[in-house]
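This report describes selected features of one protein chain. The sequence and the structure are shown first, and the description follows.

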Amino acid sequence: MSDNRPDFVSVVMPIFREAAHLPPLLESVRAALQSCNVRSELVLVDDGSSDGSWDTIRNEARLSNVRALRLSRNFGKELALCAGLEHARGDAVILMDADGQHPPSLLPELIRTWQTSGADIVQAVKRTRGDESLFGKAAALLFYFILNKLSGFEFGGASDFKLMNRKALNAWLKMPERNVFFRGMTAWMGFSCVQIPFEVSPRSAGQSTWSYVKRLKLALTGITAFSSLPLQLVTLAGGIFLAFSILLGAQALYLKLAGEAVSGFTTVILLELIIGSFLMISLGIIGEYVARIYEEVKGRPRYIVAETIEPSESATSGDA
């Protein structure tokens with residue numbers, strides 16, 4: 001990049017059934033970028049939407065510098081992020097959600113902090129979790145508590161709303177795994193990071209498609225991708241049960257030899273239930289890791305692109 005040219009910033013947004021409020025959101029993003037004295041592009045990834053989001057993206061592409069991808073089906077937010085990151089061309093890349101909860105008004109501060117601090121990553125950190133149910137907040141706190149302890153990284157308040165410079169992005173792109181947990185992979189790289197707090201905005205319209213089942217799947221991916229401690233806990237628990245069984249066996253043998261053996265039907269049933277439950281949980285934990293290995297060794301692509309929109313030459317040289 002020439003020293004006389006402004007920085008080039010890509011804004012990556014995965015989109016899933018957001019057609020209703022996408023035009024005003026993109027207008028706000030463009031307005032925020034125009035105040036930053038940077039060249040920019042919008043990288044929009046339609047993650048298999050069924051509500052006309054792709055038609056909306058087509059219309060928006062006529063108004064600004066838009067690079068767009070339509071995935072062949074719904075691959076999930078994490079893989080849609082991968083698609084956007086792999087196609088972004090900027091000196092820096094900003095990732096944000098398309099539901100309006102990541103405020104476009106924060107974009108100038110993200111860019112300014114990157115330009116002045118020299119940090120590789122500028123991360124927007126949630127002050128609160130916004131308009132979310134008590135159960136959702138409690139589940140998120142539990143998940144991040146477990147993940148922090150298992151991984152050794154601090155994820156409190158973390159979000160996907162962040163800026164990465166080209167060096168950090170290129171390093172991230174070298175990680176080819178298909179079980180993607182973007183926040184964890186970004187923290188694992190260890191690049192210099194500056195945090196900016198923000199308030200989560202209400203959704204622009206509609207209901208969230210981020211169900212508890214999808215959150216649970218992401219939680220399992222995050223935990224199994226960043227720690228083998230659950231497997232080690234299975235081994236530890238097996239050792240504890242072995243020691244306990246030796247002691248219990250020694251006691252039973254002593255009572256038998258001493259002629260004091262008593263009927264222990266209840267004790268036996270309880271032990272069988274405890275050990276059986278432990279074995280099933282252990283098999284489930286091992287199964288999660290085996291499933292991750294199976295998905296990786298198949299070597300299938302992370303996503304499939306059905307259609308693309310490339311920015312025009314005139315748009316590429318200007319602002320978004």
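## Strand β2 and its neighbours

In this predicted model, strand β2 (residues 39-46) is largely enclosed by the rest of the structure, because 8 of the 8 residues in the strand are buried. Side chains leave β2 in two directions: R39, E41, V43 and V45 point one way, S40, L42, L44 and D46 point the other way, and all are buried.

Strand β2 has a parallel partner in strand β1 (residues 8-15), with 8 bridges between the two. Within this pairing, V12 stands opposite V43 of β2. The connection from β1 to β2 passes through helix α1 (residues 22-34), and this β-α-β crossover is right-handed. Strand β3 (residues 66-71) also runs parallel to β2, joined to it by 5 bridges. Here D46 is found opposite R70 of β3. Helix α2 (residues 53-61) carries the chain from β2 to β3, again in a β-α-β crossover that is right-handed.

## Salt bridges

Side chains of opposite charge can pair when their charged atoms come close. Across the whole structure, a search finds 11 salt bridges. One of them joins K77 and D97, with the closest N and O atoms 2.9 Å apart. This pair links distant parts of the chain, since K77 belongs to helix α3 (residues 77-87) and D97 to the loop between β4 (92-95) and α4 (107-117), 20 residues apart. D97 counts as buried because its relative accessibility is 15%, under the 20% limit for that class. K77 and D97 also take part, with D160 and R183, in a network of salt bridges.

Another salt bridge is formed by the side chains of R178 and E296, with an N to O distance of 3.9 Å. R178 sits in the loop between α6 and α7 (182-189) and E296 in helix α10, so that the pair links distant parts of the chain, 118 residues apart. Are these two residues buried, partly exposed or exposed? R178 counts as partly exposed at 27% relative accessibility, and E296 is likewise partly exposed, with a relative accessible area of 25%.

## The surroundings of D120

D120 is located in the loop between α4 and β5. With a relative accessible area of 8%, D120 is buried. Its side chain meets that of K167 in a salt bridge of 3.4 Å, N to O. Because D120 lies in the loop between α4 and β5 (121-126) and K167 in helix α6 (residues 166-173), the pair ties together parts that are 47 residues apart in sequence.

Which further side chains make polar contacts with the side chain of D120? The side chain of N165 does so at 2.8 Å, and the side chain of S192 does so at 3.0 Å.

## A nonpolar surface patch

M280, L283, I286 and V290 make a nonpolar surface patch of about 400 Å². One of these residues, I286, lies in helix α10 (residues 265-298). The relative accessible area of I286 is 37%, so I286 is partly exposed. This value is also over the 30% that residues of a patch must exceed. Helix α10 holds E296 as well, the partner of R178 in the salt bridge described above.

Notes:
Residues are numbered from 1 along each chain as its sequence is written. This is a predicted model: local features need pLDDT of at least 70, side-chain atom pairs count only at pLDDT 80 or more; totals for chains, interfaces and linings use all residues. Side-chain values use heavy atoms; hydrogens and water are left out. Patches are made of residues with over 30% relative accessible area and no salt bridge: like charges are joined within 9 Å, nonpolar side chains (Val, Leu, Ile, Met, Phe, Trp, Tyr) within 5 Å. Accessible areas come from the Shrake-Rupley method with a 1.4 Å probe; for residues, only the protein chains shown count as cover. A salt bridge is a side-chain nitrogen of Lys or Arg within 4 Å of a carboxyl oxygen of Asp or Glu. Helices (H or I, at least four residues) and strands (E, at least two) are DSSP runs, numbered from the N terminus. Buried means under 20% relative accessible area, exposed over 50%, partly exposed in between (1.4 Å probe, protein chains only). Two strands pair if DSSP finds at least two bridges between them. A crossover is right-handed if, with the strands pointing away from the viewer, the path from the first strand over the helix to the second runs clockwise. A polar contact is a pair of N or O atoms within 3.5 Å; within protein, one must be able to donate a hydrogen and the other to accept it, and residues adjacent in sequence count only if both atoms are side-chain atoms.
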